[in-house]
Amino acid sequence: MLGWDIVHCKRNFLFLLVVILLGLNSGCTKSKNKEFEITLRLSHVFSPKEQLTRSMDNVAERINKNTNGAVRILTFPQGQIATYKDGVELVVRGAHFISVEDPSYIGDYVPEFTALVGPMLYRNFDEYVDLVKSSLVRGWVEKAEKKGIKVLSLQYIFGFRNIITDKVVKTPSDLSGVKLRTPGSQLFIKTINAMGATATPLPWGETFSALQQGVVDGLEGSEFTNVGTKVYETGKKNVALTNHFLGTCGVYISMKVWEKIPLEYQKIIEDEFNFESMKMIGLLKAQHAGVVKELESHGVKFNRVDRESFEKETVKLYSELPGVNREMYDQIQNELKKIRGGK
Ligand code: X3X
């Protein structure tokens, strides 16, 4: 009996051992083959009615679907979580976070991006899009990668930014003593000051109360911002067509996080952000005339400006902005000359 017992026990022990090992191994097997999954929080300041918000939701939905749920992007509009400089800092620190901001915010890390969206450069959306595709800007994108920032797009264009106040503005002298709200990047602050106004940096979310309390006399923004956030309801109904900035957002993710994402998913992410940005540009081109009419129906008046007088005051910034130099400006102008066919 004893012998049989020992054999029986040994067999049970071995059986138990095999079960445990298989269990462990299947756990390892599962963990080896475990589907890749990542959740990213995407943050921006735009309101639900603005196209950029809808576009970001579209991209997030398509990426989730095309990666079978492996890459989930949760979108946070209206500055609900970190934005502007803080958002870019999260990217640089390696958070599972996507920052959607004006390229001047990554200009703090690669100053060329401040020059890229500097004052008085562009005549239309298309030439900016062509410039972004140039080897010049692709080289700057590689510089950003070395600083830990993967640039997924630079062309979420939301319209040329103009001066919005309750007075007709034609030259820098008309802006003397006028306090204008700007985003907090040095590019905006120094440009609006050079244009003759007093820049008052505020997050978008504090802009309306600042207008109502007289903390600022006006702001600068695009017609799409004006209509999408109802700026005209603040009584600031004079738009001076300075076109001083091309309002555009880049999309940034940490290189450390990016490199964790499988190549097949990286391609889907890049393709979808690029596709949606081109769709948004097409929509805004088609909508602009209608948006101007809608603003005029709310009593908004548009006036042309003495553009040269503003160009004269702002061109010096390309030698004064932190890290920016005249060579960057000349490189951009040379590329634009090629894009414009020498004109
Ligand atoms: O970094 C993103 C841009 O600076 C956004 O510009 P801002 O802060 O003037 O907001 C534009 C509005 O359209 C947001 O609703």
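**Figure 1. Polar contacts between the ligand and threonine 225, tyrosine 84 and arginine 161 in a predicted model**. A polar side-chain atom of threonine 225 lies 2.7 Å from a ligand oxygen; a polar contact is a pair of N or O atoms within 3.5 Å. For tyrosine 84, a polar side-chain atom is 2.6 Å from an oxygen atom of the ligand, and a side-chain N or O atom of arginine 161 lies 2.6 Å from a ligand oxygen. The protein buries 100% of the 400 Å² that the ligand exposes when taken alone (accessible areas by the Shrake-Rupley method with a 1.4 Å probe).

**Figure 2. The shell around the ligand**. Among the 15 residues around the ligand, those that come nearest are Glu50, Tyr84, Glu101, Arg161 and Arg181 (near: a heavy atom within 4 Å). The shell comprises seven nonpolar, three polar and five charged residues; Asp, Glu, Lys and Arg count as charged, Ala, Val, Leu, Ile, Met, Phe, Trp, Tyr, Cys and Pro as nonpolar, and the others, Gly among them, as polar.

**Figure 3. The aromatic pair of phenylalanine 36 and tyrosine 265**. The structure holds nine aromatic pairs (ring centres within 6.5 Å; planes under 30 degrees apart are stacked, over 60 edge-to-face, the rest tilted). The ring centres of phenylalanine 36 and tyrosine 265 are 6.2 Å apart and their planes stand at 40°, so this pair is tilted.

**Notes.** Residues are numbered from 1 along each chain as its sequence is written. In this predicted model, local features need pLDDT of at least 70, side-chain atom pairs count only at pLDDT 80 or more, and totals for chains, interfaces and linings use all residues, while side-chain values use heavy atoms, with hydrogens and water left out.

Note on methods: Polar contact = N/O pair within 3.5 Å; in protein donor to acceptor, adjacent residues only side chain to side chain. Phe/Tyr/Trp six-rings, centres within 6.5 Å; stacked < 30°, edge-to-face > 60°.
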